[in-house]
There are 2 protein chains.
Amino acid sequence: MAELDATPRVRRRYNRDAEVLAAAINVFWRKGFAAATIQDIADEVGVLKGSLYHYVQSKEELLFRIFDESHRQASEMRREVVEMELPPIEALHLYVEKYVLWYLQNMERVSLYFSEWKRLSGDRLAEARRHRRTYDEFVSGLILDAEKAGEIPSRMDAKYATYFVLGALNGIPDWYRRDRGDTPETIAAVYADLVVATLKGSGPTR
Amino acid sequence: MAELDATPRVRRRYNRDAEVLAAAINVFWRKGFAAATIQDIADEVGVLKGSLYHYVQSKEELLFRIFDESHRQASEMRREVVEMELPPIEALHLYVEKYVLWYLQNMERVSLYFSEWKRLSGDRLAEARRHRRTYDEFVSGLILDAEKAGEIPSRMDAKYATYFVLGALNGIPDWYRRDRGDTPETIAAVYADLVVATLKGSGPTR
């Protein structure tokens, strides 16, 4: 830290991009994207609104850059799981564990992604939609593979099971508080078990 | 319909309250509460903004009245389930089935409740918070009762199971489209089965 503190100007310039993104995450999270303004974000960074336009053209560009970072990390997690070549149900367990851990550790950013991605427009909306579909299809693909492999009952309606599981995962920010309760690692492991339980469960009784 | 059409003025006055609420639901759902204005709602109803103030004092009052209707219906569903005096896991299955059906049939309104209740302030926020807690505690109470009755494994972490299930239920508007797919009744039955499967499932493997 001593070296960095000795060159505060260079450090500040170097980190400004990340600082602007972090401020945007905080502001969007607190006020919602629709109500937030570039002025709010400038206030949060502690610069004039005019200076902020050196870094971004619009509120939407900021939202997209926040998403872009999440997209890249989500792809990386999928790649890691696929490379392990596990049986589908184990792959799903591992992926959910990784994913929940990542979600808990980056909650504001990931949660913004799920609540606000529809605010994008044009090419950015198309790209976000593609990424969302990739995520949904990765989970539903593993569930279908697990069904084909006989790891879960084949009477289970895989489509609704997928929606159910994705909803449970997306609901994390509704209850998670960073300052209390179990560690992210413990919660991630419990959630992975719950997903497997849902899928292995007794299946439709009708 | 003929009688009603013969007295259009009386009918219009009589229905205006419901009409204003329905318009507010549509506008809040489409634009989000933060971005919506009283002007948008007046446009949706087809009246001048000034006339709308005969019915409501503020955007927040409208949001609260939308919630109030949901609160009353949710209490009624809980009452119906409790009165049947079923074993806890069956009560939970029945409640989830009723609840999902209600959610699908009133999706915009119920979904607004989950996404926007924090926008209320003062006494209204306190009341919405109380209602939310009642809902959460009803579900978590049934899960705990099922655990005590030995209907689900007692090693299951009931707290996270509750969050997981509530998240899955709250995620319904992310994927449900009224114009395609299975009937609300079918989906409600599948979701009730999935909840029971999650809870009966093998439990933590650690």
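Colleague: What makes the relation between chain B and chain A that of a two-fold axis?

Modeller: In this predicted model, a rotation of 180° with 0.0 Å of shift along its axis superposes chain B on chain A, with an RMSD of 0.0 Å. The fit is by least squares on the C-alpha atoms of residues with pLDDT of at least 70 in both copies. That rotation is the relation of a two-fold axis. The same surface serves both copies, as 100% of the contact residues of chain B recur in chain A; contact means heavy atoms within 4.5 Å.

Colleague: How many residues of chain B are in contact with chain A, and what area is buried between them?

Modeller: 33 residues of chain B touch 33 residues of chain A. The buried area is about 2,900 Å², and carbon and sulfur atoms give 63% of that. Buried area is the accessible area (1.4 Å probe) that two parts lose on being put together, summed over both.

Colleague: Why is α9(A) called roughly antiparallel to α11(A)?

Modeller: Helix α9 (residues 158-170) of chain A and helix α11 (residues 184-200) of chain A pack at an angle of about 160°, with their axes 10 Å apart. Angles run from 0 to 180 degrees between N-to-C directions, along lines fitted to C-alpha atoms over the stretch in contact. Over 145 degrees counts as roughly antiparallel, so α9(A) is roughly antiparallel to α11(A).

Colleague: How are residues and chains labelled, and which count?

Modeller: Residues are numbered from 1 along each chain as its sequence is written, and chains are lettered from A in the order in which they are written. Local features need pLDDT of at least 70, side-chain atom pairs count only at pLDDT 80 or more, totals for chains, interfaces and linings use all residues, and side-chain values use heavy atoms, leaving out hydrogens and water.

Methods:
Helices (H or I, at least four residues) and strands (E, at least two) are DSSP runs, numbered from the N terminus. Angles under 35 degrees count as roughly parallel, over 145 as roughly antiparallel, 65 to 115 as roughly perpendicular and the rest as oblique.
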